[in-house]
Amino acid sequence: MAITTYLSGAKIPYQFSTTRSMCSNHCLNSVVSFRGPCQGPISCKGKVFRVFCNAQKLDVLTRSEPNSRASEELGKKLSCVMKFGGSSVASAERMREVADLILSFPEESPVIVLSAMGKTTNKLIAAGEKAASCVSGVSEIEELSFVKELHYRTVDELGLEKTLITDHLEKLERLLNGISVLKEFTPRARDYLVSFGECMSTRIFAAYLNKIGVKACQYDAFDIGFITTDDFTNADILEATYPAVAERLNGDWIRDHAIPIVTGFLGKGWRTCAVTTLGRGGSDLTATTIGKALGLREIQVWKDVDGVLTCDPNIYTGAEPVPYLTFDEAAELAYFGAQVLHPQSMRPAREGDIPVRVKNSYNPNAPGTLITKSRDMSKAVLTSIVLKRNVTMLDIVSTRMLGQFGFLAKVFSIFEELGISVDVVATSEVSISLTLDPSKLWSRELIQQASELDHVVDELEKIAKVNLLQHRSIISLIGNVQRSSLVLEKAFHVLRVNGVNVQMISQGASKVNISLIVNDDEAERCVRSLHSAFFESDMVDID
Ligand SMILES: Nc1ncnc2c1ncn2[C@@H]1O[C@H](COP(=O)(O)OP(=O)(O)O)[C@@H](O)[C@H]1O
Ligand SMILES: N[C@@H](CC(=O)OP(=O)(O)O)C(=O)O
């Protein structure tokens, strides 16, 4: 039998020999963690295999290659993944509507990914913060009462047993007590705390489907092979996840056609084995990861808007749905701040070449946005305008002579050493202007952010003059940069008549994005005027 080994995410061809012959169809469909001596037994579902290799401290994940007989037995295969965000499952009524929506596609055998109900994640984070500075008992924390009440009410309104979530809610309170005793809310504790949201929403929804006669099975992502880095609050999914998740979900589906209901947003750190999260909005990434792992036909992300819009509707209510996007456009849009998609979520879909459809669970008849590898760009000029606020910009001017080589390398090695990622860059012979990714800085404590920025400036000042500029915004113009002159002409006209001075400009190598840096307090006005100029008339609107 063929066995493949995955070592910290990379597929490595290790030699295996076994002390016993393995039976053909089961044994290896779970993830086996193997640490310590390089030679030793691996136990998997009661079978013992002996592994011989030379590396130290291995984490070995084993899986069987699917054999043709097992594939034939698949019969009706899992066909698509449908992800429903917090707003889609915010109440009992919404859960009923989502169940009806899923059942309105009888031809599909979907994997369902759910986020936590409504604003549960925010409430849990607030509860954790209050617990850490709590003087009285945690039972008085308003956000804890809110979460308890919302989930008990939902269970009650759906006619389910309270016991479905009592264990989780008791554990949640114990965890908050622990945080209040320690007076410390670490990123690791934060991830464990917020995981209760997805763990409860999926249990409630699966139980409801079973109650109405639709066979469903709940899964915690961290138990079915979602292996991540140990970067709590912003973990990356490791390669080993794909075969492990496919093995588990396909294996269970073959045995019993129960709709899988999987927790979005969560994973398991490969070193710590603790619960991790994939960054805010991470359920989109869970969905695309499952889509690629299982080679599904389509990935659907159901939201509370009619698809990806021409700009953030909170900035401009007249934003229109964008019918088609490429993976590159969607990735750029998400990375540069459009909340509608998780920044990393397009990667698995692009790698697996699986179309992603963004739909509105409140308005299922709206066509939504279809995201694919390529699209007809002949008529495309601008697709969407995205705003990323509160960005820090650095102007770095070399103190050495013109033509000095290695300047860029030195600057970027400082960012690498400090683990700070850079968003937008513009360079000249002796200077660099760049912006720092706020999400990476925001994931750290405020006080730490300030001292890290000081540290960056201190290090850079050894080789350059540095000007630190805060409260800037990046306006990203996503679209057909083959027509960049037209886009720039129009954009700069709008900005000029609005009296806005652009402080930096960069055209991404991806050829779908032009980024402009302006002051935070001018940014929203600029977006509205740009939207009006590009999407509403041929004339430039003057504010
Ligand atoms: N360009 C955009 N297109 C669509 N929605 C956007 C855009 N920019 C920001 N948004 C916001 O993203 C929200 C949807 O994303 P999100 O809240 O993560 O959905 P869900 O929780 O349902 O997955 C919308 O309600 C909207 O306010
Ligand atoms: N519940 C998590 C994960 C998520 O993806 O949520 P949503 O799909 O509602 O954006 C969050 O709020 O970040």
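Two strands pair if DSSP finds at least two bridges between them. With that in hand, welcome to this predicted model. Three bridges join strand E11 to strand E12 (residues 275-277), and the two run antiparallel. The protein chain as a whole holds 15 helices and 22 strands. Of its 543 residues, buried ones make up 44%. Contacts between residues at least 6 apart in sequence reach far along the chain: 74% of them join residues at least 24 apart.

**The three-stranded sheet**

- E11 and E12 belong to an open sheet of three strands, ordered E9-E11-E12, with mixed pairing.
- E9 and E12 stand at the edges with a single partner strand each, so one side of each has no neighbour in the sheet.
- Helix H6 (residues 187-211) packs on this sheet, where it touches E11 and E12, and its direction makes about 80° with that of E12.
- Strand E9 (residues 227-228) pairs with strand E11 (residues 266-269) in the parallel sense, over two bridges.
- Two residues of E9 can be matched with partners in E11: Ile-227 has Lys-268 as its bridge partner, and Thr-228 has Gly-269.
- Lys-268 also stands opposite Val-275 in E12.
- E11 and E12 form a hairpin with five residues between them, and Cys-273 in the turn has a positive phi of about 60°.

**The six-stranded sheet**

- Another open sheet is built from six strands in the order E18-E19-E17-E20-E22-E21, with antiparallel pairing.
- Its edge strands are E18 (422-427) and E21 (504-507), each of which pairs on one side only.
- From one strand to the next, the twist averages 30°.
- At the E21 end, E21 and strand E22 (residues 513-519) pair in the antiparallel sense over four bridges.
- Gln-507 stands opposite Ile-514 in E22.
- Helix H15 (residues 520-536) packs on the sheet and touches strand E17 (382-398), strand E20 (464-479) and E22.
- The direction of H15 makes about 140° with that of E17.

**A pair of packed helices**

- Helix H7 (residues 241-255) packs against helix H8 (residues 283-294) at an angle of about 75°, and their axes are 8 Å apart.
- Angles of 65 to 115 degrees count as roughly perpendicular, which makes H7 roughly perpendicular to H8.
- On the H7 side, the residues that meet H8 are Thr-241, Tyr-242, Val-245, Ala-246, Leu-249 and Asn-250.
- On the H8 side, Thr-289, Ile-290, Lys-292, Ala-293 and Leu-294 meet H7.
- By class, this contact has seven nonpolar, three polar and one charged residues.

**The surroundings of the ligands**

- Ligand 1 has 19 residues around it, and those that come nearest are Gly-85, Lys-303, Leu-309, Asp-312 and Val-340.
- The shell around ligand 1 has seven nonpolar, nine polar and three charged residues.
- Ligand 2 is surrounded by Gly-85, Gly-86, Ser-115, Ala-116, Thr-121, Gly-197, Gly-264, Phe-265, Arg-280, Gly-281, Gly-282 and Ser-283.
- The shell around ligand 2 has two nonpolar, nine polar and one charged residues.
- Gly-85 appears in both descriptions: it is among the residues nearest to ligand 1 and among those around ligand 2.

Note on methods:
Residues are numbered from 1 along each chain as its sequence is written. Chains are lettered from A and ligands numbered from 1 in the order in which they are written. This is a predicted model: local features need pLDDT of at least 70, side-chain atom pairs count only at pLDDT 80 or more; totals for chains, interfaces and linings use all residues. A residue is near a molecule or strand if its C-beta atom, placed from the backbone, lies within 6 Å of it. Ala, Val, Leu, Ile, Met, Phe, Trp, Tyr, Cys and Pro count as nonpolar, Asp, Glu, Lys and Arg as charged, and the others, Gly among them, as polar. Axes are lines fitted to C-alpha atoms, for helices over the stretch in contact, and angles run from 0 to 180 degrees between N-to-C directions. Two residues are in contact if their C-beta atoms, placed from the backbone, lie within 7 Å. A residue is buried if 20 or more other C-beta atoms lie within 10 Å of its own, exposed if 12 or fewer, and partly exposed in between; C-beta atoms are placed from the backbone. Angles under 35 degrees count as roughly parallel, over 145 as roughly antiparallel, 65 to 115 as roughly perpendicular and the rest as oblique.
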